[in-house]
Amino acid sequence: MTTSKKTGVLDRELGRSRARVGFNPSQMGVAPLSLDVLVPDEPLPVDFYVPIYRQESKRIEMTLAAERGEIYQKAWRDRLKKANQTKFFVRIEDGEAINAYFESNAGNILDKHNAPLSKKRAVIKEMSDLNLRILFGGDLSPKALDNSVKRAQDAVSRMAGDPQILTKLVDVLSVDYSVYSHSVNVSMLGMAFGKHLGFDESRVMALGVGGMLHDVGMAKLPGIPLEKPEDQMTPRERSLFRQHAKLGYKMLAPIGAVSYDVLMIVQHHHENADGSGFPTGLNAAKIPHLARMVRIVDAYDVMTSHRPHRPAMTPSQAAAVLLGEAMPAFGSDLAPEFVRFLGSPAFTL
Ligand SMILES: [Fe+2]
Ligand SMILES: [Fe+2]
């Protein structure tokens, strides 16, 4: 990553990138941050980078664009958007400073009743996504986990407490798969499904926090590419992958703020109603109910996300799978209920 002095990239028109070059920000030690969650005319809390494609090396290089303390200018945002760039990148190691910035600036947006819904959602999604990137890229110490759990709970209680944020979810879910955006999607969908079923706030919260943290065990399996679909894994990768539910449980069990319901979601979110799942092979009667709900929400989100090897399914195609070949795994009681939720005003209107 380029860490040289600022290059002035934001002071001139940026070329539109012609080729879409894939890169994995986590491998470069950076995390994306939407331009929309930064407050114009306020100082930047950390150094900001932009990805620039270098013809010579045919690679993306993270280039320092603005330094900590510089005033964030609307003109920069407009130039970046014109060049089809909607994100800045920040170093994961600077995550704590960004979180503090969110708390002092973005928190205000969420507290304002008249702030646009799209803005509120963008802030909450960015905060949650960044929190997970810091968690996965960090040292996984109990202290770090404790901080991440508290931030996840904070985001979830804001979502649970605002009657608007969990509406019209079809417009909000991220479609490009990463374990981070997937976890935020599962959290939001799980909470909305719980609300649809008339659950009380504590169970809706458990679905939200459990959804956010359900795949956290993957952070202990760095040898497995996070984006690799299970059906394309080697037998060795698959057997490691299958440990992630148990590993997640072990990571979170010592953290006092994590409830028993959340632990059960993390441990059992791959169990199937017909007993064919893992880690324990429990059947529908024995699987904790909230874990069954996250199982179905998780599968739906994977099906409706773009993956390198296949296009995203539409919601109705995914619903057909849930009611067809996948019904034994998800259960004839819960799968139709989830499909009814997909057709409900909370999801679509
Ligand atoms: Fe999982
Ligand atoms: Fe998942």
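A salt bridge is a side-chain nitrogen of Lys or Arg within 4 Å of a carboxyl oxygen of Asp or Glu. The exercises below apply this definition, among others, to a predicted model.

**Exercise 1. Describe how domain 1 and domain 2 meet, and decide whether Lys87 and Glu126 form a salt bridge or fail to form one.**

Step 1. Locate the domains. The domain assignment places domain 1 at residues 1-95 and domain 2 at residues 112-348. Their centres, taken over C-alpha atoms, are separated by 29 Å.

Step 2. Describe the contact. Domain 1 contributes 13 residues to it and domain 2 contributes nine residues. Between them the two domains bury about 890 Å², and 60% of this area is on carbon and sulfur atoms.

Step 3. Test the pair. The side chains of Lys87 and Glu126 approach to 3.3 Å, N to O. The cut-off is 4 Å, and the pair is therefore a salt bridge. Between domain 1 and domain 2 the count is one salt bridge.

Step 4. Examine the side of domain 1 that touches domain 2. There are four residue pairs in polar contact between the domains, both residues at pLDDT 80 or more. On the domain 1 side, the elements giving two or more residues are strand 1 (30-34) and strand 4 (87-91). Strand 1 gives the most, with four residues. By type, the residues of this side are seven nonpolar, four polar and two charged.

**Exercise 2. Which parts of the chain do the salt bridges Asp47 with Arg91, Glu96 with Arg151, and Arg242 with Glu230 tie together?**

Step 1. Recall the principle. Side chains of opposite charge can pair when their charged atoms come close. In this model the count comes to 17 salt bridges.

Step 2. Take Asp47 and Arg91. Their closest N and O atoms are 3.6 Å apart. Asp47 lies in the loop between strand 1 and strand 2, and Arg91 lies in strand 4, so this pair links parts 44 residues apart in sequence. Both Asp47 and Arg91 are buried.

Step 3. Take Glu96 and Arg151. The closest N and O atoms of this salt bridge are 3.3 Å apart. Glu96 belongs to helix 2 (residues 95-111) and Arg151 to helix 4, so the pair ties together parts that are 55 residues apart in sequence. Glu96 is partly exposed, with a relative accessible area of 42%, and Arg151 is partly exposed at 21%.

Step 4. Take Arg242 and Glu230. Here the closest N and O atoms are 3.5 Å apart. Arg242 is in the loop between helix 7 (235-241) and helix 8 (244-252), while Glu230 is in the loop between helix 6 and helix 7, so the pair ties together parts that are twelve residues apart in sequence. Arg242 is partly exposed at 35% relative accessible area, as is Glu230 at 27%.

Step 5. Look for shared partners. Salt bridges that share partners join Asp47, Arg91, Glu93 and Asp94 into one network.

**Exercise 3. Is Val204 buried or exposed, is Val297 buried or exposed, and what does each of them touch?**

Step 1. Apply the cut-off: a residue is buried under 20% relative accessible area. Val204 has 2% and is therefore buried. Val297 has 1% and is likewise buried.

Step 2. Place each residue. Val204 is in helix 6 (residues 201-213), and Val297 is in helix 10.

Step 3. List the neighbours, leaving out residues up to four places away in sequence. Val204 touches Met191, Gly194, Lys195 and Phe199. Val297 touches Val186, Leu189, Gly190, Phe193 and Phe338.

**Exercise 4. Identify the backbone features of Lys58, Lys168 and the bond between Phe278 and Pro279.**

Step 1. Recall the usual case. Most residues other than glycine have a negative phi, and most peptide bonds are trans.

Step 2. Consider Lys58. Its phi is near 55°, a positive value. Lys58 sits in the loop between strand 2 (48-54) and strand 3 (59-66), and it is exposed, with a relative accessible area of 55%.

Step 3. Consider Lys168. Its phi is also positive, about 45°. Lys168 sits in the loop between helix 4 (142-161) and helix 5 (179-196) and is partly exposed at 36%.

Step 4. Consider the peptide bond. Phe278 and Pro279 are joined by a cis peptide bond, with omega about 5°. Pro279 lies in the loop between helix 9 (260-268) and helix 10 (289-303).

Terms used: Residues numbered from 1 in each chain as written. Chains lettered and ligands numbered in written order. Predicted model: local features only at pLDDT ≥ 70, side-chain atom pairs only at ≥ 80, totals over all residues. Heavy atoms only, no water. Domains from an automatic or database assignment. Contact = heavy atoms within 4.5 Å. Buried area = accessible area lost by both parts, 1.4 Å probe. Polar contact = N/O pair within 3.5 Å; in protein donor to acceptor, adjacent residues only side chain to side chain. Nonpolar A, V, L, I, M, F, W, Y, C, P; charged D, E, K, R; others polar. Buried < 20%, exposed > 50% of the residue type's maximum accessible area, 1.4 Å probe, protein only.
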